[in-house]
Amino acid sequence: MNNLDECRKNIDEIDTLIIELFEKRMDEIKKVIDYKIKNNLPILDSSREEMMLQKNLLKIKNTEYKPYYKDVLNGFLKSSKYFQKDILNNK
């Protein structure tokens, strides 16, 4: 197997792990929106989002990756809000 094939195989394996973690994350988001509904809280908590972004960006060791990981985190937050809105609208 050439180096490119090996890299792609590794990326596929990593993507599988990311999918598993994403599903776990979404399971937790279901619990969050249930709590918010029961306690009449808004979906958006901008201070929590900002804190989470800053905290997680500090965990990136390779600073070259930080702006790209910030995009990933923002994507997670966007999906989370859409998912919560869908659940709220279907209650």
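The largest pocket of this predicted model has a lining of 19 residues, and those nearest its centre are Arg25, Ile29, Arg48, Leu77 and Ser80. Two or more lining residues are contributed by each of the elements helix H1 (3-38), H2 and H3. Helix H3 provides the largest share, with seven residues of the lining. The space in the largest pocket amounts to about 510 Å³. Empty space of this kind is found by rolling a probe the size of a water molecule over the atoms. By residue class, the lining of the largest pocket consists of nine nonpolar, three polar and seven charged residues.

Two of the residues nearest the pocket centre, Ser80 and Arg48, were examined further. Ser80 belongs to helix H3. With a relative accessible area of 9%, Ser80 is classed as buried, because the class takes in values under 20%. When residues up to four places away in sequence are left out, Ser80 touches Arg25 and Ile29. Arg25 and Ile29 are themselves among the residues that lie nearest the centre of the largest pocket. Arg48, in contrast to the buried Ser80, is partly exposed, and its relative accessible area is 41%. Arg48 is part of helix H2. Along the chain, Arg48 and Asp15 are 33 residues apart, and their C-alpha atoms are separated by 27 Å.

Helix H2 (46-58) also holds Asn56. The relative accessible area of Asn56 is 15%, so this residue counts as buried. The residues touched by Asn56 are Tyr69 and Leu73, again without counting residues up to four places away in sequence.

Aromatic rings were considered next. A pair of such rings is described by the distance of the centres and the angle of the planes. The count of aromatic pairs in the model is one. This pair is formed by Phe22 and Phe76, with 6.0 Å from centre to centre and 25° between the planes. The arrangement is therefore classed as stacked, since planes under 30 degrees apart fall in that class. Phe22 lies in helix H1 and Phe76 in helix H3, and the pair links distant parts of the chain, the two residues being 54 residues apart. Both members of the pair have intermediate accessibility: Phe22 is partly exposed at a relative accessible area of 30%, and Phe76 is partly exposed at 22%. The value for Phe76 is not under 20%, so Phe76 does not count as buried.

Two asparagines in loops complete the description. Asn40 is located in the loop between H1 and H2. Its phi is near 55°, a positive value in a residue other than glycine. Most residues other than glycine have a negative phi. Asn40 has a relative accessibility of 71% and counts as exposed, because that class covers values over 50%.

Asn62 occupies the loop between helix H2 (46-58) and helix H3 (66-89). From there, the side chain of Asn62 reaches the backbone nitrogen of Glu64 at 2.9 Å. Asn62 is partly exposed, with 29% relative accessible area. The three asparagines described here thus fall into the classes buried for Asn56, exposed for Asn40 and partly exposed for Asn62.

Methods:
Residues are numbered from 1 along each chain as its sequence is written. This is a predicted model: local features need pLDDT of at least 70, side-chain atom pairs count only at pLDDT 80 or more; totals for chains, interfaces and linings use all residues. Side-chain values use heavy atoms; hydrogens and water are left out. Helices (H or I, at least four residues) and strands (E, at least two) are DSSP runs, numbered from the N terminus. Buried means under 20% relative accessible area, exposed over 50%, partly exposed in between (1.4 Å probe, protein chains only). A polar contact is a pair of N or O atoms within 3.5 Å; within protein, one must be able to donate a hydrogen and the other to accept it, and residues adjacent in sequence count only if both atoms are side-chain atoms. On a 1 Å grid over the protein atoms alone, a cavity is a set of points where a 1.4 Å probe fits but cannot get out, and a pocket is an open set with protein on both sides within 12 Å along at least five of seven lines; lining residues have an atom within 4 Å of a point. Grid points are joined across faces, edges and corners, and a volume is the space filled by probe spheres set on the points. Ala, Val, Leu, Ile, Met, Phe, Trp, Tyr, Cys and Pro count as nonpolar, Asp, Glu, Lys and Arg as charged, and the others, Gly among them, as polar. Rings of Phe, Tyr and Trp (its six-membered ring) pair if their centres lie within 6.5 Å; planes under 30 degrees apart count as stacked, over 60 as edge-to-face and the rest as tilted. Contact means heavy atoms within 4.5 Å.
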